[in-house]
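User: Hi! I'm new to reading protein models and would love some help with this one. Could we go through it together?

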Amino acid sequence: NLWATVDDQIQTIAFYEDNMLLVGSGKRGQVHTLNPRGELSLLFETEEEQITCFHTLKNSIVFSTANPARLYQLNPELSDSSDFTSDSFDAGLVSKWGKLQWEGTGSRNAVAFFTRSGNTEQPSASWSEWKPVIVQDQNYAVVSPPARFVQWRVDFLQRETCIDKVTISYIQNNIAPEITFIYIHAPGDFYEAERNKQREGIFFSAPLGNKTVKPGFRTIDWSFDDPNFDLLLFSLSYRQKDQRYWRSLAENLSSNFYSWDTASMADGWYEIKISADDSLANVGPNACITEDISQPFLVDNTPPLLAPGSVKRLLENRITFEIKDEWSILTRVAFSIDAKEWQAIDPLDGIYDSKTETFAVAADEGGAHEIAIKAEDFVGNIAVFHLTVND
């Protein structure tokens, strides 16, 4: 392969001097020369859309076009002046333009550069006017206004001048990162994170690792986006719902998830604030910090209780009792009589759907019995109670 193109459509090819090819392309009506090393040069660009046929004469090139149909003749003569206009360059985001640099042959007075800028891929009436690049000493300063796209033009003022390379420096306007999603995992879900040895930052969300179960732990993870693809650091803070002040939970994280032991927090409803900081890639006032707050979630480290005074003995060694939990609904209760196997039991109303449930257990007739009751709430807190039933 000498040349693979996506945007252009090759319409016609012809042999040219020194083992080169003439290539006529469609869409933009361009005449290229292509040498055996695969080096492509733009020789001529027409206002027509397609180059349809070449005919090479001894000292000239004749070619036809379509849309509309015309006939051109190129002669191998040096012009006193000429110009070249580049394609538009996409900086990705609105950017500020810096210095222009060029490589080639010829003096500083042999060329004059111009630039224009805009926010559409193809130059249009919305673009700025062509502005000359300001030459000061050996610096070429671009004065076109900030925009997403830029285009340059060079006017050749002397013969035998050649431009090999043109570079325009730019810096994107910094846009604040965005927290796009926050998820609080179920109680006990734990994900091991690598220890941060230094402030490295990340620029894309990484998948979670292997999950293990650790009672009392919670995990928060989040996704994010940064239009500049800056390296980001994250900090977490927390507060009880409806409180005013935030407390630091973790700082300068180079990951998009965090696990912690909620035993260090009082029971209640909490919110977590995530701060995304792009100061690793931006200096001083150019840096941006974005914050977002999670949905409230429950921290419940207290197991269920046997409601005081709720134990009532009925006929036939049958007792009733109430189990209560301050924060979570009950999910499972089991009993054991005289250290035998645990047996699951349902509430008297037949469904676990509240923080207080009533149960009934019957022991065998005769003698004294020890009844153990094990209760578990929604977040996995477990408590065991012991009752004695006598004749």
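User: Where is the place of Pro-132?

Analyst: Happy to help! This is a predicted model, in which local features need pLDDT of at least 70 and side-chain atom pairs count only at pLDDT 80 or more, while totals for chains, interfaces and linings use all residues. Residues are numbered from 1 along each chain as its sequence is written, and side-chain values use heavy atoms, leaving out hydrogens and water. Strands are DSSP runs (E, at least two residues), numbered from the N terminus, and Pro-132 lies in strand S11, residues 131-132.

User: Is Pro-132 buried, partly exposed or exposed?

Analyst: Buried means under 20% relative accessible area, exposed over 50%, and partly exposed in between (1.4 Å probe, protein chains only). Pro-132 has 45% relative accessibility, so it counts as partly exposed.

User: Which residues does Pro-132 touch, not counting residues up to four places away in sequence?

Analyst: Contact means heavy atoms within 4.5 Å. With that rule, Pro-132 touches Phe-113, Phe-114 and Val-143.

User: What about Ser-255: is it buried or exposed?

Analyst: Ser-255 sits in the loop between S21 and strand S22 (257-261). Its side chain reaches the backbone oxygen of Phe-257 at 3.2 Å. Leaving aside neighbours within four places in sequence, Ser-255 is in contact with Ile-202, Trp-222 and Phe-234. Its relative accessibility is 15%, so Ser-255 counts as buried.

User: Which strand gives the most to the largest nonpolar core?

Analyst: A nonpolar core is a set of buried Ala, Val, Leu, Ile, Met, Phe, Trp, Tyr and Cys residues joined through side-chain atoms within 4.5 Å. The largest one has 22 residues, and Ile-220 and Trp-222 are among those that touch the most other members. Elements giving two or more residues to this core include strand S16 (178-184), strand S19 (217-225) and strand S23 (268-277). With 4 residues, the one that gives the most is S23.

User: In what order do the strands of the open sheet come?

Analyst: Two strands pair if DSSP finds at least two bridges between them. Strand S29 (residues 330-337) and S30, for example, pair in the antiparallel sense over 3 bridges, and Phe-335 stands opposite Gln-343 in S30. The open sheet has 4 strands with antiparallel pairing, in the order S30-S29-S32-S33.

User: Why is one side of S30 and of S33 left without a neighbour in the sheet?

Analyst: Look at where strand S30 (343-345) and strand S33 (382-389) stand. One side of each is without a neighbour in the sheet because both are at the edges, each with a single partner strand.

Note on methods: A polar contact is a pair of N or O atoms within 3.5 Å; within protein, one must be able to donate a hydrogen and the other to accept it, and residues adjacent in sequence count only if both atoms are side-chain atoms.
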